[in-house]
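Here are my notes on this one, written so you can follow along with the structure open beside you. Take the points in order and find each residue as you go.

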Amino acid sequence: MFFGVKRFVLVVGADVIKDRLMQRETVALPSEDKRWRIVQGTIRRHGQAPDALIETLHTVQEAFGFIDETALRYIAASLRLPLSHVYGVATFYNHFTMKPQGEHSCVVCLGTACYIKGAKSIIETLESKLEIEVGETTPDKRASLLTARCLGACGLAPAGVFDSEVVGMLTPETAVEHVKAW
């Protein structure tokens with residue numbers, strides 16, 4: 001009986017050591033771009049733990065402005081997560097974008113209150129003015145037009161976000177004024 005317990009302790013101890021060694025391994029950076037070091041710092045700060053996924057995605061978004069396939073693969077390898085899981089989280093949350101965005105961004109809320117109070121006409125007007133569709137960026141990379149399911153500003157409906165500034169009681173005309181100011 002004693003031999004069996006001792007062997008179990010040795011096997012479990014070896015697994016713990018192996019896990020700790022694997023945690024110390026770092027994945028090679030995708031390029032020499034210094035922004036990858038910022039991402040790597042976030043991953044290290046969280047001990048390469050899989051639960052650092054959203055924080056790491058935020059870091060990539062802030063550093064690069066969007067999350068591309070290279071970033072998804074790097075994050076998956078660094079956090080030892082399936083690529084499909086990383087992609088699923090990155091595409092589920094509205095905050096993360098998979099394409100480069102313009103210098104300025106306009107996000108129009110499509111929540112129930114905003115939609116009922118005219119969000120559709122605001123979007124149609126902005127699409128016409130910017131000559132792009134929702135989810136696109138102008139050819140000169142100056143502006144991106146996006147939508148959100150809900151901004152949590154229902155009392156201000158219809159609402160939008162212009163360069164991180166929440167604006168309520170929007171009309172098509174006031175939305176165009178904000179865009180013209182850019």
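1. Let's start with the open space. The model is predicted, and its largest pocket holds about 630 Å³ of space. There are 24 residues lining that pocket, and the ones closest to its centre are Asn 94, His 95, Phe 96, Thr 97 and Leu 146. Click on those five to find the middle of the pocket.

2. Which elements give the pocket at least two lining residues each? They are helix H5 (83–92), strand E1 (104–109) and strand E2 (143–148). Sorted by class, the lining comes to 11 nonpolar, 11 polar and 2 charged residues.

3. Now step back to the whole chain. You should be able to count 8 helices and 4 strands. Reading from the N terminus, the order is α-α-α-α-α-β-α-α-β-β-β-α. Of the 182 residues, 36% count as buried. The chain exposes about 11,300 Å², and 57% of that comes from carbon and sulfur atoms.

4. How much of the contact network spans a long stretch of sequence? Take the contacts between residues at least 6 apart in sequence: 58% of them join residues at least 24 apart. Val 89 and Leu 57 make a handy pair to look at, with their positions 32 residues apart in sequence but 9.0 Å from C-alpha to C-alpha.

5. Stay with Val 89 for a moment. Val 89 sits in helix H5, and its relative accessibility is 14%, so it counts as buried, the cut-off being under 20%. Leaving out residues up to four places away in sequence, Val 89 touches Leu 53, Ile 54, Leu 57 and Phe 96. You've met Phe 96 already, as one of the residues closest to the centre of the largest pocket.

6. Helix H4 (residues 69–79) is a good place to practise spotting buried side chains. Its buried residues are Ala 71, Leu 72, Tyr 74, Ile 75, Ala 76, Ser 78 and Leu 79. What covers them? Helix H2 (35–45), helix H3 (53–64) and H5 are among the cover. After H4 comes Arg 80, with a positive phi near 55°.

7. Next, the cysteines. How many disulfides does the structure hold? The count is 0. Cys 109, for one, is in no disulfide, and the nearest cysteine sulfur to its own, that of Cys 114, is 3.5 Å away. Why is Cys 150 unpaired too? Its closest cysteine sulfur, in Cys 154, is 4.3 Å away, and a disulfide needs the two sulfurs within 2.5 Å, so the gap is too far for a bond. The surroundings are worth checking as well: Cys 109 counts as buried at 3% relative accessibility, while Cys 150 counts as partly exposed at 47%.

8. Finally, have a look at some backbone details in the loops. A cis peptide bond joins Ala 157 and Pro 158, with omega about -10°, and Pro 158 is in the loop between E2 and strand E3 (160–162). Further along, Ser 164 has a positive phi of about 75° although it isn't a glycine. Ser 164 lies in the loop between E3 and strand E4 (165–167) and is exposed, with a relative accessible area of 71%. Met 169, also not a glycine, has a positive phi near 55°. You'll find Met 169 in the loop between E4 and helix H8 (172–181), where its 53% relative accessibility counts as exposed.

Terms used
Residues are numbered from 1 along each chain as its sequence is written. This is a predicted model: local features need pLDDT of at least 70, side-chain atom pairs count only at pLDDT 80 or more; totals for chains, interfaces and linings use all residues. Side-chain values use heavy atoms; hydrogens and water are left out. Buried means under 20% relative accessible area, exposed over 50%, partly exposed in between (1.4 Å probe, protein chains only). On a 1 Å grid over the protein atoms alone, a cavity is a set of points where a 1.4 Å probe fits but cannot get out, and a pocket is an open set with protein on both sides within 12 Å along at least five of seven lines; lining residues have an atom within 4 Å of a point. Grid points are joined across faces, edges and corners, and a volume is the space filled by probe spheres set on the points. Ala, Val, Leu, Ile, Met, Phe, Trp, Tyr, Cys and Pro count as nonpolar, Asp, Glu, Lys and Arg as charged, and the others, Gly among them, as polar. Contact means heavy atoms within 4.5 Å. Accessible areas come from the Shrake-Rupley method with a 1.4 Å probe; for residues, only the protein chains shown count as cover.
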